[in-house]
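The following exercises are meant to be worked through with the sequence and the 3D structure side by side. Try each task before reading the solution beneath it.

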Amino acid sequence: MTNIKNRKKNLSNLFSKIDTEEKAYWLGFLYADGCIYNDGIRVALSVLDEKHIKKLDIFFNNLGKISYLKEKPFNSKNQQYICKAQCVYNLYDVEALDILSKYGFCENKTENGELDLSLIPFEQS
């Protein structure tokens with residue numbers, strides 16, 4: 001049986017080498033839909049995609065936290081919108097975040113990020 005310390009050790013090296021399709025998929029998924037939030041990795045999807053959030057948590061050895069946000073109204077640029085209910089995944093792992101940042105995963109990556117594929121250590125198995 002793997003203890004928490006060993007699971008954390010495995011997690012910190014998870015993206016140090018992209019040697020499986022699964023790692024490549026989740027790296028791309030995090031870059032597309034994830035963000036840095038309070039020094040952690042965060043993904044918020046519709047509650048309709050809850051199963052996908054749970055698959056992400058399994059990939060991260062069940063070390064993240066899944067929570068839910070209720071539907072709520074908000075204003076943006078003088079327009080009223082409704083934010084639908086969300087399933088939110090948070091993972092606080094400094095080493096994993098450090099590795100991801102080397103590939104262009106950063107705060108406000110929409111404005112500041114640039115995924116540099118040449119820096120990602122892809123290896124075919």
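**Exercise 1.** Is Leu 48 buried or exposed?

*Solution.* The model is a predicted one, and the first step is to place the residue: Leu 48 sits in the loop that runs between β2 (40–46) and α3 (50–59). The second step is to take its relative accessible area, which is 78%. Because residues over 50% are classed as exposed, Leu 48 is exposed. As a third step, look at its surroundings on the surface, where Leu 48 joins Val 47 and Tyr 68 in a nonpolar patch of about 340 Å².

**Exercise 2.** Determine how Tyr 92 is classed by accessibility, and find its separation from Ile 41.

*Solution.* Tyr 92 belongs to the loop between β6 (86–91) and α4 (94–102). Its relative accessibility is 43%, so Tyr 92 counts as partly exposed. Although Tyr 92 and Ile 41 are 51 residues apart along the chain, their C-alpha atoms are separated by 6.3 Å.

**Exercise 3.** Which residues have the most contacts inside the largest nonpolar core?

*Solution.* This core has 25 residues, and those with the most contacts inside it are Phe 15, Leu 30, Val 43, Leu 56 and Phe 60. Turning to the elements that contribute, at least two residues each come from α2 (21–33), β2, α3, β6 and α4, with α2 giving the largest share, five residues. Finally, take Phe 15 alone: beyond its neighbours within four places in sequence, its contacts include Trp 26, Leu 30, Phe 60 and Ile 99.

Key: Residues numbered from 1 in each chain as written. Predicted model: local features only at pLDDT ≥ 70, side-chain atom pairs only at ≥ 80, totals over all residues. Heavy atoms only, no water. Patch = residues over 30% accessible without salt bridge, like charges linked within 9 Å, V, L, I, M, F, W, Y side chains within 5 Å. Areas by Shrake-Rupley, 256 points an atom, 1.4 Å probe, with all protein chains shown as cover. Salt bridge = Lys/Arg side-chain N within 4 Å of Asp/Glu carboxyl O. Helix = DSSP H or I, 4+ residues; strand = E, 2+ residues; numbered from the N terminus. Buried < 20%, exposed > 50% of the residue type's maximum accessible area, 1.4 Å probe, protein only. Core = buried A, V, L, I, M, F, W, Y, C linked by side-chain atoms within 4.5 Å. Contact = heavy atoms within 4.5 Å.
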